[in-house]
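The exercises below ask you to read architecture from coordinates, and each is followed by a solution that goes step by step. Please attempt each task with the structure open before reading on.

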Amino acid sequence: MAEDTDKDATTELHLHNSGELLRRAREQKNLSLEDIAKSTRIPQRHLLSIEAGDFEALPGRTYAIGFAKSYARAVGLNDATIGSQLREEMEDQGHGAYQPEDAGYSPDDPSNVPPKFLAWTAAGIGVVVVVGYLIWRTLVLEPGQLAGLSAESESSMTGAAEETPSPILSSEPVAGPAPTGTVVLTATDTVWMKIYDEDGERIFEDQMAPGDTFTVPSNASNPQILTGRPDALTVTIDGQVIPPLGTAQRTIKDVGVSAPALLNRNIDAAGDTVESDN
């Protein structure tokens with residue numbers, strides 16, 4: 001008996017198109033299109049197009065089938081059967097191919113489409129929140145306080161700028177050799193030299209090998225040098241290297257080698273100490 005009942009129901013479904021079956025089921029339940037639209041959230045114009053079989057007025061095949069299934073569930077019909085029948089009807093009328101589907105609908109369950117009033121409500125709430133915040137800021141912070149905050153901010157920025165070390169180099173001169181420092185002559189190559197005072201008295205005279213050093217006596221009276229290899233001597237004052245006595249194998253004489261004399265001597269364009277006329 002159950003099988004006979006199912007066969008009769010299937011036969012009854014195929015005697016009428018899907019739209020007519022949906023309309024008859026709706027009328028039997030004393031429901032209007034408005035009632036169905038509210039329960040399924042499907043626009044009335046689409047429900048009316050389904051009932052009339054006006055598939056061209058629907059957004060697309062997938063949406064049309066989804067709408068019909070939701071309609072069927074709302075009036076107590078088998079949604080799978082209605083969906084299959086509607087698909088066949090659309091194919092028979094040449095609507096079986098893919099059609100562009102309008103955005104804003106859910107093909108699987110059109111009832112999930114949120115109503116427009118919810119979107120407008122959310123937007124309105126956002127505007128109210130922003131306006132309320134601005135009003136709150138105006139009431140809480142009076143114009144005087146706002147000015148104070150601005151001044152405090154500028155003061156903080158100024159203070160930070162003052163605390164930041166200046167990248168400009170100090171104008172103070174770098175400490176150099178002292179005029180009273182100890183003078184040391186170091187041979188970088190084999191070199192003969194003679195050191196004597198202002199009266200011509202010999203202080204040192206010998207040939208130096210690379211690495212040999214001679215410290216000019218601090219109590220010598222205007223010590224001077226005579227050598228043919230000023231380029232082979234490195235001169236330091238208190239350990240600080242100063243410009244050489246010469247840069248070539250050129251004889252120099254009567255050139256002072258005290259700390260004051262070395263710091264104040266003149267050097268010619270070739271890098272050699274200018275010989276004294278004395």
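**Exercise 1.** In this predicted model, determine the order of the strands in the open sheet that contains β3, and state which strands stand at its edges.

*Solution.* Step 1: the sheet is open and is formed by four strands, whose order is β3-β2-β5-β8, with antiparallel pairing. Step 2: β3 (202-208) and β8 each have a single partner strand, so they stand at the edges, and one side of each is left without a neighbour in the sheet. Step 3: if direction is ignored, neighbouring strands of this sheet are turned against each other by 15° on average.

**Exercise 2.** Trace the pairings across this sheet from β3 to β8, giving for each the number of bridges.

*Solution.* Step 1: begin at β3, which pairs with β2 in the antiparallel sense over six bridges. The hairpin of these two strands has five residues between them, and there G200 takes a positive phi near 90°. Step 2: β2 (residues 191-196) continues to β5 (residues 224-227), again in the antiparallel sense, and this pairing comprises four bridges. Step 3: β5 in turn pairs with β8 (residues 252-256), antiparallel once more, over three bridges.

**Exercise 3.** Find the residues that stand opposite K194 in β3 and in β5, and then follow other bridge partners through β5.

*Solution.* Step 1: on the β3 side, the bridge partner of K194 is E205. Step 2: in β5, the residue opposite K194 is L226. Step 3: I195 has I225 as its bridge partner in β5, while M193 has T227. Step 4: T227 also stands opposite I252 in β8, and a path of bridge partners can therefore be drawn from M193 through T227 to I252. As background to this register, side chains in a regular strand alternate between the two faces of the sheet.

**Exercise 4.** Describe the open sheet that contains β1, and identify where T236 lies and whether T236 is buried or exposed.

*Solution.* Step 1: the four strands of this open sheet follow the order β4-β1-β6-β7, and their pairing is antiparallel. Step 2: the edges are β4 (213-215) and β7 (240-241); each has a single partner strand, so one side of each lacks a neighbour in the sheet. Step 3: β1 (residues 183-187) runs antiparallel to β4 and is joined to that strand by three bridges, with F214 of β4 as the bridge partner of L185. Step 4: T236 belongs to β6 (residues 233-237). The relative accessible area of T236 is 14%, and because the cut-off for a buried residue is under 20%, T236 is buried. Step 5: leaving aside residues up to four places away in sequence, T236 touches T182, V183, V184 and V241.

**Exercise 5.** Characterise the packing of helices α5 and α6, giving the angle, the handedness and the composition of the contact.

*Solution.* Step 1: α5 (residues 61-75) and α6 (residues 79-92) pack at an angle of about 145°, and their axes are 8 Å apart. Step 2: the crossing of α5 and α6 is right-handed. Step 3: α5 contributes R61, A64, I65, A68, K69, A72 and R73 to the contact, and α6 contributes D79, I82, G83, L86, R87, M90 and E91. Step 4: sorted by type, the residues of this contact comprise seven nonpolar, one polar and six charged.

**Exercise 6.** Place A25 in its helix, and state which residues A25 touches beyond four places away in sequence.

*Solution.* Step 1: A25 is found in helix α2 (residues 18-28). Step 2: A25 has a relative accessible area of 8% and is buried. Step 3: once residues up to four places away in sequence are set aside, A25 touches V75 and L77. Step 4: the C-alpha atoms of A25 and Y71 are separated by 9.9 Å, although the two residues are 46 residues apart along the chain.

**Exercise 7.** Summarise the chain as a whole: how many helices and strands are there, and what share of the residues is buried?

*Solution.* Step 1: the chain has nine helices and eight strands. Step 2: of its 278 residues, 30% are buried. Step 3: the chain exposes about 17500 Å², of which carbon and sulfur atoms supply 53%. Step 4: among contacts between residues at least 6 apart in sequence, 61% join residues at least 24 apart.

Notes:
Residues are numbered from 1 along each chain as its sequence is written. This is a predicted model: local features need pLDDT of at least 70, side-chain atom pairs count only at pLDDT 80 or more; totals for chains, interfaces and linings use all residues. Side-chain values use heavy atoms; hydrogens and water are left out. Axes are lines fitted to C-alpha atoms, for helices over the stretch in contact, and angles run from 0 to 180 degrees between N-to-C directions. A crossing is left-handed if the near helix is turned anticlockwise from the far one by less than a right angle, and right-handed if clockwise. Contact means heavy atoms within 4.5 Å. Ala, Val, Leu, Ile, Met, Phe, Trp, Tyr, Cys and Pro count as nonpolar, Asp, Glu, Lys and Arg as charged, and the others, Gly among them, as polar. Buried means under 20% relative accessible area, exposed over 50%, partly exposed in between (1.4 Å probe, protein chains only). Accessible areas come from the Shrake-Rupley method with a 1.4 Å probe; for residues, only the protein chains shown count as cover. Two strands pair if DSSP finds at least two bridges between them.
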